[in-house]
Amino acid sequence: MWLKPEEVLLKNALKLWVTEKSNDYFVLQRRRGYGEDSGGLTGLLVGTLDTVFDSTAKVAPFRILHQTPDSQVYWNVACGASLEEISQHWDWLQQNIIRTLSVFDSGEDITSFVQGKIRGLIAEERSSACDEEDPERFREAVLRFERLFGLPQREKLVTYYSCSYWRGRVPNQGWIYLSTNFLCFYSYMLGNEVKLVFPWDEVSRLERTSNVLLAESIRVRVRGEDHFFSMLMRLQQTYLIMQQLADYAIVRFFDKETFHAEHPLANPLHITQRALEIHARNQSFRAFFRLAQEENLCEVYESFLWVPFSHVNTLGKICVSENYLCYASQDGSQCHLIIPIWEIFSVELPDRSTRALTVCMRGKRALRFSEVRDFERLAATIRRKCGAVGSPQHSFSNPDEEGVMVGQSQAVSTEALMNVFHPHDAENLDPKMLKERMKEQSWQIHFAEYGRGTGMFCTKKTRDLIVRGVPETLRGELWMLFSGAVHDMTSNPGYYGRLLEECMGSSSLACDEIERDLHRSLPEHPAFQSDTGISALRRVLTAYAHRNPKIGYCQAMNILTSVLLLYAKEEEAFWLLVAVCERMLPDYFNRRIIVCFLGALVDQAVFEELIREHLTQLTEHMTDLSFFSSVSLSWFLTLFISVLPIESAVNVVDCFFYDGIKAILQLGLAVLDYNMDNLLCCHDDAEAVTVLNRFFDNVTNKDSPLPATVQQASATANDKSIQRVDISDLIKEAYEKYGDIRTEEVENMRKRNKLYVIQTLEDTTKQNVLRVVAQDVKFSAAQLDELYVLFKRQHFVSCYWSVSSPALHNHDPSLPYLDQYQLDQSQFSSLFNLLQQWTTHTHLQTLARSAFNLLDENGDGLVNFKEFVSGLDILYNRSFTEKLKFLFKLHLQSGIQECKTLKSSRFFPPAEDHSFSAHLSDSADDGVIRRCPEKGRAKVDLQEYLKQWQEDLQRREENIKDLPRINQVQFIGLTKTLYGLFHGDEEEESLYRAVARVTSLLLRMEEVGRKLQEGSPQKTPQTSPTSSQSTAQQPDVSPTPPISPETPAECEDTPEPPESPVSQRETAPSNSDITPNSASRPSTPTSSPTGTNSPALDTPTDTPSSPSAVRDGDWSFSFEQVLASLLNEPCVVRFFERAKDTDALIARARKNQLKDKH
C-alpha cells in the first residue's frame, strides 16, 4: 500500500532491513526474519519480535524508500505484506516515475515531485475505496473501551490502534485507545494483564524515538516515568493525533481557551480525529502565511504557477481561505505569496487542455496557474468569494486621511518617530548614506521584478536582501508586509481609533504598569525623551491592553513597541504588536498560563535542544545548560533589543519578521559559536556572563546611517584594540551555519517542549506546596504526593466533560502556590467521599458538605490543598479527642459562625474583624493576597506572607472549653453520624450499645441539671454549672466515667454564675417524657445502622414542634460532657484510635476517582 511520505530514521535500521532492489531514486527492502536468510541470529530475533504479536500490529515485511539524490535522506513511500504486493508498487514506479525524474535539476525538486505523486495516489485510493472507518467496528471499539477502563460514557473515544507496549524488555501486544482526555492501553497475554490510563494533562514528554531494539517508537512520559509504544503501522499518524490531544488538553485546562460554537473543537464531548486534523491544518496554514486567527483553510489544490522573474513553472499548492488566496511552492524555491480576495477582480480559463486558470488582480497584475486538477471548481470558488468578500480598505486609500480622521478625538501620530527625529536627507553624500541608497535601489529592483506590497513574491532572493539589512525608509513597510499586520489593518479600518476612544480616561492595573514602564523604554533615544514618543507609546500599549485584556500588559512589551514606533506609524505599530503577541510569539505575553513568559521558556527549551544538536563541544563542557536559559531569556523576550545597540538590534528584528522565531534561534546559536573558545575557558557562570556581555557591547552596525545622537554606542566604541563584530556578518554567519533548521521542525520542537515546560512548572508548584503542608501533618512524603495528585486531578476531572466548566476559574497561576488549585463544594465532596475511611454512610454528602464549610477558611466557597489535607490528617492520623472534636464541629450547623471564630489553629487563623470590607482589604484567605478588581489577578505581599507563616507556627492549640455547646438537633445529627460510622464494623453491636448508653447518660445529666436549676432561687444560664451538677449526679445513673483533664477543675470549683436576664429557662418544660424513654431503652439492641430506629434518635423527635417550644425547652451539651462520656466506652475509643491503612485508602481513591460520576 502507498504511504504518506515520511522521513525514515535509518539509524540502526540496517540491522533490521535487507536491500532487495535499488536504483538511483528508490530502494526496495525486506525485513530480516522474512523470506531467505531468516535463520541467522539477527533474523531470528527480528522475526520473533514481529511474529509473536497480533497480525494487525506486525511491521510490514517489505517497504520502498525514496532516496533524495546526493543526500542521506530517505522517505518511506510504500509497504507490503508480500513480495508480490510490493513488486506491483515497484513496477509502477519504474514505468511511471523514473523517466520523469531525469528532467529535474536538483534532488530537492525530485523529492518534492515524488511526494506530490504519492500523495495524489493516496487521495485517489481513498476517494475510490471510500476509506472510512467501519461504523459498526468503531462502535464495538467504543464498547470495549468503556468496559475495559470504566470511564464515564461521556468520555469520547477519538481513535484506536494496535501496538506493543514495552515494559522493560518485554513487549505486550495490545491496543492503544486515544480519547479526548486520556491515553489508554490494554493488553492481555498468557494471563498477564496490562492496563494503563494516563490523563493528557499529566503528560510531560511526547516524542518519537529510535534505538537498537525498537526501530521507531513513541515515548510518553507521565509523572517522571517513561512508557514506550511501538509496532504501529501508522506511527506518524498516531504520533500526530497524540500530540494534538495533548496540546488540546493544555489549551483547555491551562490556557483556559474557549472556542466559538462552530469550531471543530468547541465541544469536548464530540471531538473526532477529523476535527483534530482540521484544527492542526488550520494552525499550520495560519502560521505559515501569518494570517489572523479567523482565517481557516477551506480548499487546497496542487498546481504549477508561472513565475515571471525566473520564466519557469514551479510546483506548489494553492490554499484558499475565507479572505485570502495563498500559494507556496514545493520544489525547493521557497516561493510563496498571499493575495487578498478583494484584490482579485476576475478569473479566466484560457486553456482547458492544460487545466489552467488566470487570476487577474488590480494594478494590472495576473497569476497563471496550470495543471490544476479541479480548476473549474477553483475558479468558481474564487468568483464566489470575490462577490461575497467586501473590500474594507477601499473606503480609504490615503493613510494620512485615516490618521486625520482618528486624530479628531486623539492626537495620533501618522509619522514614524525616526522620520520625525531623524528625517532622511536625500542630499547627504556620506559613505554610509550612499550605501543606504544602494540598498534602496536593490529593493526597488526587487519590487519591480517580484511585485510590491500585498501579493509580492517572497523567494530566496528576498531573504538574501533581508540578511544584508533593510533600508531605514522601507523598514516599517516591510515589517508590516512580512508579519501579516498589513492584512489586519486593512481588514479593520478605524479599529485603532475606536479603541483609543473606548479606553480614553480609563484606569486599570495595566494602565498603572504601563505608566511605570514608559520612561524605561529606550531612554537614550531622543524620541522617548520627548512627550511625542512617550504619548504614542502610551496610546499603543493602552489600546492593546484594552483590545486583549487576557494579556493586558506585560514587561518587555514596552521595549518592543518603542522600536516598532521608530519605524512604523502609530496605527501600524499597534497592528505589528498584535501580530507579535498573538501570532509570532505565542504565550510570550500571556497571564492566563502558569507564568507570564511561558512562550519564552518553551523557546529556551528549544534553544537548549538545538545547542545539544549543533554545539556538541559546548554541551560536553557545560553539562548543565540551564545557564543559557537564564542568560537568553532577554534575547527571546526583546528579540535582542535589550542586549544589542538599537542600530544593530533592528537588523535582528528584520530577520524575525521574515523568518519568525527561527531567526532568533539561529542568531543565538551563532553568538555561542562565535564565543565558543572563550566559553570553554570559563570556570563558572559569572565568567560566561561576562564573556557574552562583552561580546554584545562590541557588536556594531558599520552600515547604519543613524547619527551618533541616535546610536547606542558602547563605552569602548573608540577603543581600536578591541575586535568589533558587524551585525550583518553575524546574521549572515547564522544563516550559513544554521539556516537548514526548518520552521516546521521548530514548531514541532515547540509543541514537544511546551508539555515539558508546563509540567516542570507544575512540579515546582507541587514541591513548594508539599514543603509548606508537610510541617503541619503526619502524612509521609509519598502519601502527601499522592494526595496532591488526587487533589489536582479532581480539579481537572470536573472539567473533562464540560464545554466551559466554571471550575476552570478555580485555577489561578498568579496566586501563591497554596491557592493555585482550589476545589469548590461539589469537587470537595466527591474527593472527600473517595477518601473516607468508613465502608458505608447514608449521610456522607451531608458530612462532606459540613466538612467543606468547616475547612473553608475565608468563606469564599473554595478549599485549597493545605486546608483539605489538614482536615484529612485529623481523621486519619490524630488522637481520639481531635477526631471527636472535628466531628463535634461538623454538627454545629446553627452556630457555625460562632464556631468559625474559634477554629483550630490546624486550619484556621485567628480573625479579629469578620466584616466584609475588612475581609477584602486584609486578605482573601490568609492575610497575604490582595485581590485586584481585574480578572482575578492578585499581588503578593511577601512581608505579610512571612508574618502570617510565623503566626501559623506559633499559634496555640484551641481550648476545648471555647467550643460552643451542641444543641438538641445538632446532637441528634452527631449521633446519627456515629451510628453510620460504626455500621459494618466487627464490633458494630457493642458500638451501637455504647452510643445508646452515652446518649441516655447525657440526657439524664441534662435533666438533673435542669431540675436543679428550676429549684434554685437564682436565675442562672445553662452553662458550666449544669455540667458540674449533672456530673455530680452521675453515680446515680451509671458507673463514674473517667473525666477529661478539663472536667475536674470545673466540677470542684464552680463559680457562682451571674443572674441571667432571660427567665424562660425557669418555666421551660423538663421533657420528662424524654428521660424515661432514654433511660429505659439503652439495653435494647439497636439494629439500624443509621440509628433511625434507635431510642437515642427516636426520643428527641417527640419534643414540641413549634419553634418557640423547641427554643425554650431545648437541651444542649458541652464538648467536655460528650468527650467524658465517650471516654468511658472502650470500644468507641478503640474504634477511633485504630490505625488506618492510608496507602490502601489512597490507592482505592486513585482507582475510583475517574469512575466517579461528575
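**Close-up 1. Glutamate 1129 and arginine 997 pair up in a salt bridge.** In this predicted model, the closest N and O atoms of the two side chains sit 2.8 Å apart. The partners come from distant parts of the chain, 132 residues apart: glutamate 1129 belongs to the loop between helix H45 (1119-1127) and H46, while arginine 997 is part of helix H38. Is glutamate 1129 buried or exposed? With a relative accessibility of just 8%, glutamate 1129 counts as buried. Arginine 997 is partly exposed, at 39% relative accessible area.

**Close-up 2. Arginine 1138 reaches glutamate 987.** Here we have another salt bridge, with 3.9 Å between the closest N and O atoms. Both residues are in loops: arginine 1138 in the one between helix H46 (1130-1137) and helix H47 (1142-1152), and glutamate 987 in the one between helix H37 (968-982) and helix H38 (988-1015), so the bridge ties together parts that are 151 residues apart in sequence. Arginine 1138 has a relative accessible area of 31% and is partly exposed.

**Close-up 3. Arginine 752 and glutamate 207 form a salt bridge.** Out of the 42 salt bridges in the structure, this view picks the one where the side chains of arginine 752 and glutamate 207 meet at 3.6 Å, N to O. How many residues separate the two along the chain? They are 545 residues apart, with arginine 752 in helix H28 (residues 743-773) and glutamate 207 in strand E10 (residues 203-209). Arginine 752 counts as buried, at 12% relative accessibility, and glutamate 207 is buried as well, at 14%. Zoom out a little for the rest of the group: Glu207 and Arg752 belong to a salt-bridge network that also takes in Arg219, Arg221, Asp226 and Glu609.

**Close-up 4. Four positively charged residues share a surface patch.** The patch brings together Arg147, Lys195, Lys1151 and Lys1155. To find your bearings, look for arginine 147 in helix H5, which covers residues 135-149. Arginine 147 has a relative accessible area of 61%, so it counts as exposed, the cut-off being over 50%.

**Close-up 5. Asp624, Asp684, Asp685 and Glu687 make up a negative patch.** This one is also on the surface. Aspartate 624 is in the loop that runs between helix H21 (616-621) and helix H22 (626-638).

**Close-up 6. Helix H15 has a buried side.** Which residues of H15 (residues 495-503) are buried? They are Tyr496, Gly497, Leu499, Leu500 and Cys503. These residues lie on the same side of the helix because they span an arc of only 160° around the axis. Just past the helix comes glycine 505, with a positive phi near 80°.

**Close-up 7. Arginine 290 has a positive phi.** Most residues other than glycine have a negative phi. Arginine 290 is not a glycine, yet its phi is about 55°. You'll find arginine 290 in the loop between helix H7 (273-289) and strand E13 (299-307). With a relative accessible area of 13%, arginine 290 is buried.

**Close-up 8. Phenylalanine 640 has a positive phi too.** The value for phenylalanine 640 is near 70°. This residue is in the loop between H22 and helix H23 (646-659). Its relative accessibility is 0%, so phenylalanine 640 counts as buried.

**Close-up 9. Methionine 480 is shown with glycine 453.** Methionine 480 is in helix H13, residues 475-483. The relative accessible area of methionine 480 is 4%, so this residue is buried. How far apart in space are methionine 480 and glycine 453? Their C-alpha atoms are 9.3 Å apart, and 27 residues separate them in sequence.

**Close-up 10. Glutamate 7 is shown with tyrosine 74.** Glutamate 7 is part of strand E1, which covers residues 2-7. At 35% relative accessibility, glutamate 7 counts as partly exposed. Its C-alpha atom is 5.8 Å from that of tyrosine 74, although the two residues are 67 residues apart along the chain.

Terms used
Residues numbered from 1 in each chain as written. Heavy atoms only, no water. Patch = residues over 30% accessible without salt bridge, like charges linked within 9 Å, V, L, I, M, F, W, Y side chains within 5 Å. Areas by Shrake-Rupley, 256 points an atom, 1.4 Å probe, with all protein chains shown as cover. Lys, Arg positive; Asp, Glu negative; His and termini not counted. Charge placed at Lys NZ, Arg CZ, Asp CG, Glu CD. Helix = DSSP H or I, 4+ residues; strand = E, 2+ residues; numbered from the N terminus. Buried < 20%, exposed > 50% of the residue type's maximum accessible area, 1.4 Å probe, protein only. Arc of directions from axis to C-beta.
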